[in-house]
Amino acid sequence: MDVAELHSKCVAVFVERVRLVTDGQWALPTPCSEWTVRQLVNHMVAEELWTPPMMAGERIEDVGDRFAGDLLGADPVATAERAAPAAVRAVVEPVRDGRTVHLSFGDTPAGEYAMQLAADHLIHAWDLSAATGADRALPPGLVEQIAGWFTEREAWYRQGGVIGERPAASNCGDRDRQRELLIAFGRDPDWAAIRAG
């Protein structure tokens with residue numbers, strides 16, 4: 001599967017999980033301790049809105065605060081559904097043509113940026129499922145491709161503060177590929193929100 005197709009499929013998995021969020025779940029905690037369900041979805045919608053201008057060659061300073069704040073409005077699911085297709089379309093040509101994008105940490109091949117976006121969507125799809133009690137299983141083919149790509153990037157992501165430390169679950173000896181990927185991204189595959197009462 002090429003990078004643009006992988007990105008499209010990972011975005012689709014995330015949107016599918018957003019559609020499962022019920023009205024009473026938007027304020028629930030997520031495995032990303034700084035975000036509620038709504039904040040996590042808002043983060044991803046912002047990422048999708050950033051994708052077209054970045055893939056078109058704009059720089060961070062060009063975009064500025066265009067996508068700051070709460071983007072979800074009164075219908076978060078519909079907002080996520082609207083943002084996704086434009087992000088998916090924006091990836092195809094720059095990846096195919098081998099263009100360069102201008103990210104905060106430097107100029108990067110469009111294909112590498114698309115892989116970062118794909119990974120973010122897949123991991124946050126799991127976060128969302130864990131937070132809302134949905135099925136946590138991710139498509140094995142997507143897990144395998146992201147895991148293979150991430151092997152050489154885990155240390156860089158961690159040094160940059162993009163992901164947390166590997167949790168204690170990393171010592172469980174489990175060879176399940178999804179668990180391994182989640183652990184590499186600093187997730188406890190058995191995460192459960194602690195609810196009072």
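Which residue's side chain does Glu93 meet in a polar contact of 2.7 Å? The partner is Arg99, through its own side chain. Keep in mind as you look that this is a predicted model. Glu93 itself sits in helix H4, the stretch covering residues 76-97. Is Glu93 buried, partly exposed or exposed? With a relative accessibility of 41% it counts as partly exposed, because that value falls between the 20% and 50% cut-offs. For a sense of distance, try going from Glu93 to Arg158: the two are 65 residues apart along the chain, and their C-alpha atoms are 30 Å apart.

Now zoom out to the whole chain. You'll count eight helices and two strands, and if you walk from the N terminus the order reads α-α-α-α-β-β-α-α-α-α. The radius of gyration is 16 Å, close to the 16 Å that the globule rule gives for 197 residues, so the chain is as compact as a globular protein of that length. Along its principal axes, the C-alpha trace spans about 50 × 40 × 30 Å. Of the 197 residues, 50% are buried. The contacts tell a story too: if you take those with a separation of 6 or more, 67% come from residues 24 or more positions apart. As for the outside, the accessible surface comes to about 9,600 Å², and carbon and sulfur atoms own 51% of that.

Next, the two strands. E1 takes in residues 100-103 and E2 residues 106-109; they run antiparallel, with four bridges between them. Getting from E1 to E2 takes a hairpin with two residues in the link. If you want one pairing to look at, pick Thr100, whose bridge partner in E2 is Pro109.

Back among the helices, start with H1, which covers residues 3-19. Two of its arginines are worth a visit. Arg17 is in this helix, and at 7% relative accessibility it counts as buried, because anything under 20% does. What does Arg17 touch, once residues up to four places away in sequence are set aside? The answer is Ala125, Leu128, Ser129, Asp135, Arg136, Ala137 and Leu138. Closer to home in sequence, the side chain of Arg17 also makes a polar contact of 3.3 Å with that of Glu16.

Arg19, also in H1, has another set of partners. Not counting residues up to four places away, Arg19 touches Val77 and Glu81. With Glu81 there is a polar contact between the side chains, at 2.6 Å. Compare that with Gln116, which is 97 residues from Arg19 along the chain: here the C-alpha atoms are separated by 23 Å.

Then there are the aromatics. The structure holds seven aromatic pairs. In one of them, Trp50 and Phe67 have ring centres 6.1 Å apart and planes at 65°, so this pair is edge-to-face. The pair links distant parts of the chain, 17 residues apart: Trp50 belongs to helix H2 (residues 37-55), while Phe67 is in the loop between helix H3 (60-63) and H4. Phe67 is buried, with a relative accessible area of 16%.

Phe150 and Phe185 make another pair, this one stacked, with 3.8 Å from centre to centre and 15° between the planes. This pair also ties together distant parts of the chain, 35 residues apart: Phe150 is in helix H6 (residues 140-150), and Phe185 is in the segment after helix H8 (177-184). Both Phe150 and Phe185 are buried. Which aromatic cluster do they belong to? Along with Trp149, Trp156 and Tyr157, they form one cluster.

Finish at helix H7, residues 154-159, where you'll find Glu154. Is Glu154 buried or exposed? Its relative accessible area is 12%, so Glu154 is buried. Leaving aside neighbours within four places in sequence, Glu154 is in contact with Ile163, Arg166 and Ala184. With Arg166 there is also a polar contact of 2.7 Å between the side chains.

Terms used. Residues numbered from 1 in each chain as written. Predicted model: local features only at pLDDT ≥ 70, side-chain atom pairs only at ≥ 80, totals over all residues. Heavy atoms only, no water. Pairing = 2+ DSSP bridges. Buried < 20%, exposed > 50% of the residue type's maximum accessible area, 1.4 Å probe, protein only. Polar contact = N/O pair within 3.5 Å; in protein donor to acceptor, adjacent residues only side chain to side chain. Rg over C-alpha atoms; globule rule 2.2 N^0.38 Å. Contact = heavy atoms within 4.5 Å. Areas by Shrake-Rupley, 256 points an atom, 1.4 Å probe, with all protein chains shown as cover. Phe/Tyr/Trp six-rings, centres within 6.5 Å; stacked < 30°, edge-to-face > 60°.
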